[in-house]
Amino acid sequence: MRGKSGNFKILNLGEMALTRLDSRCLYTLLICMAFGSTLSSNAEINVNAPQDFEIVDPGYLGYLYLQWQRPLSLDNFKECTVEYELKYRNIDSENWKTIITKNLCYKDGFDLNKGVEAKIRTLLPGQCTNGSEVQSSWAEVTYWTSLQGNLGTKIQDMDCIYYNWQDLLCSWKSGMGVHFDTNYNLFYWYEGLHHALQCADYIKVNGKNIGCRFPYLESSDYKDFYICVNGSSESEPIRPSYFIFQLQNIVKPLPPDYLSLIVKSSEDISLKWNMPRGPIPAKCFIYEIKFTEDDTTWVTTTVENEIYIARTSNESKRLCFLVRSKVNIYCSDDGIWSEWSDEQCWNGDILKKASLFFLIPFALISLLVSLVTCLVLYNQKDLLKTAFQTKKEVFSHQETQC
């Protein structure tokens with residue numbers, strides 16, 4: 001009985017363990033079958049890369065079109081929203097720009113002094129492919145503009161300044177060792193112009209173009225501004241140069257004017273100036289102040305056109321300051337400092353001495369004038385008295401005769 005009973009318990013435990021093991025294996029098998037079915041299902045879904053991928057140059061001096069066509073294999077996914085992953089860069093750049101788009105074209109600016117490379121692939125979202133995104137292989141393309149001429153024939157030291165946010169002026173130097181008959185021409189474009197324009201007002205030296213004064217540029221702020229300077233020579237081809245910038249980042253304002261320095265007390269000093277003239281809003285300025293107290297000079301900045309400072313010594317004999325302006329970070333990414341304003345000074349002891357120097361002579365002169373006036377008035381009084389007495393005597397004589 002006991003032996004049988006003991007064997008019976010052992011058999012039940014073994015059966016229970018085997019049952020649990022079978023359940024686990026069955027559960028694992030079902031998961032593997034489901035996962036394998038999903039993998040098998042997704043493995044059967046393929047999508048091609050976009051067709052006819054190309055980079056098109058419309059003649060905007062660096063503003064290029066990247067365009068493509070839908071892949072052929074999308075007939076079975078007409079109800080799906082297909083996207084494209086686009087990557088592009090200048091060839092020597094370390095970083096790719098990445099765009100996810102549903103369109104068949106994308107536009108951006110590039111430095112045409114260098115080559116351009118781009119690649120694109122098709123993306124099918126998970127709702128079209130049983131939960132996992134499907135990607136095509138990459139389609140790749142490169143673009144180079146015509147870079148004729150030796151590198152040394154390019155212009156040097158290109159410098160563009162947007163004076164007071166009104167007048168754009170660019171200047172350059174000729175390339176190294178170019179032939180004497182070489183001359184350069186500037187072309188520019190920004191979004192809003194129908195085509196690239198040539199400079200209409202060149203700055204010339206000895207008949208050669210060394211700069212350009214631009215006309216009024218309507219609606220050109222906060223946009224990429226593209227410039228190409230190419231050249232011509234009968235002796236050799238000239239390498240073109242390309243530039244991209246935004247005008248608000250190269251603004252050079254006028255200096256502030258009408259400076260005022262007021263010593264309010266033995267310690268407090270008020271420095272004021274007028275905002276520079278022109279179209280730049282007041283909120284766009286930052287100012288740099290250079291202040292001198294006797295032989296000590298320090299520099300500070302402010303966004304207001306007034307600042308209060310404290311004198312380091314009540315015995316300061318000379319206080320001077322000047323100020324310059326720049327477009328601040330709220331209106332541009334960068335800017336150019338204006339020229340320094342005229343200097344405004346306060347000379348404490350000199351003013352006192354000057355006051356004494358002029359006050360004493362003025363007092364003496366005033367006293368002299370007062371004495372002369374009194375003498376003149378006194379003499380006039382005697383003359384009037386004499387005249388009145390004479391007139392009275394004449395009148396009395398006439399009455400006696402009557």
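# A tour from strand E23 to the aromatic pairs

Begin by selecting serine 325, which lies in strand E23 of what is a predicted model. With a relative accessibility of 0%, serine 325 counts as buried, and a polar atom of its side chain lies 2.9 Å from the backbone oxygen of leucine 254. If you then display the contacts of serine 325, leaving aside neighbours within four places in sequence, you will find Pro253, Leu254, Pro255 and Pro256 among them, and the list also includes Phe285, Ile286 and Tyr287 as well as Ile336, Trp337 and Ser338.

Next, widen the selection from serine 325 to the whole of strand E23, residues 318-327, which pairs with E24 in the antiparallel sense over four bridges. One place to look is phenylalanine 321, whose bridge partner in E24 is glutamine 344. Both strands belong to an open, antiparallel sheet of four strands, in the order E21-E20-E23-E24. Its edge strands are E21 (296-302) and E24 (344-347), each of which pairs on one side only, and neighbouring strands of this sheet are turned against each other by 15 degrees on average, direction ignored.

For a second sheet, select E1, E2 and E5, three strands that form an open sheet in that order with antiparallel pairing. Strand E1 (51-56) and strand E5 (105-109) each have a single partner strand, so one side of each is left without a neighbour in the sheet. Here the average turn between neighbouring strands, direction ignored, is 10 degrees. Strand E2 (residues 63-69) is joined to E5 by five bridges, and within this pairing tyrosine 65 has lysine 107 of E5 as its bridge partner.

Keep tyrosine 65 selected and add Tyr60, Tyr63, Trp189 and Tyr226, since together these residues form one aromatic cluster.

The aromatic pairs come next, and the count for the model is 19. Tyrosine 188 and phenylalanine 225 form a stacked pair, with 5.8 Å from centre to centre and 10 degrees between the planes. Because tyrosine 188 lies in strand E11 (residues 183-190) and phenylalanine 225 in strand E15, this pair ties together parts that are 37 residues apart in sequence. Both of these residues, tyrosine 188 and phenylalanine 225, are buried. Now move to tryptophan 189 and tyrosine 226, whose ring centres are 5.7 Å apart and whose planes stand at 45 degrees, so this pair is tilted. This pair, too, links distant parts of the chain, with tryptophan 189 in strand E11 and tyrosine 226 in strand E15, 37 residues apart. Tryptophan 189 and tyrosine 226 are both buried.

Stay on strand E15 (residues 225-232) and select asparagine 230, which is partly exposed, with a relative accessible area of 25%. Apart from residues up to four places away in sequence, asparagine 230 touches Asn183, Tyr184, Asn185, Phe187 and Pro240. Tyrosine 242 is 12 residues from asparagine 230 in sequence, and their C-alpha atoms are 8.7 Å apart.

Finally, colour the chain by pLDDT, for which the mean is 82, with 77% of the residues reaching 70 or more. Select residues 34-43, where pLDDT stays under 50 and the model has four contacts beyond four places in sequence. Then select residues 350-358, where pLDDT is also below 50 and where the model has two contacts beyond near neighbours in sequence. Where pLDDT is low, the predicted coordinates should not be read in detail.

How values were computed: Residues numbered from 1 in each chain as written. Predicted model: local features only at pLDDT ≥ 70, side-chain atom pairs only at ≥ 80, totals over all residues. Heavy atoms only, no water. Helix = DSSP H or I, 4+ residues; strand = E, 2+ residues; numbered from the N terminus. Buried < 20%, exposed > 50% of the residue type's maximum accessible area, 1.4 Å probe, protein only. Contact = heavy atoms within 4.5 Å. Pairing = 2+ DSSP bridges. Axes fitted to C-alpha atoms, helices over the stretch in contact; angles between N-to-C directions. pLDDT = per-residue confidence, 0-100. Polar contact = N/O pair within 3.5 Å; in protein donor to acceptor, adjacent residues only side chain to side chain. Phe/Tyr/Trp six-rings, centres within 6.5 Å; stacked < 30°, edge-to-face > 60°.
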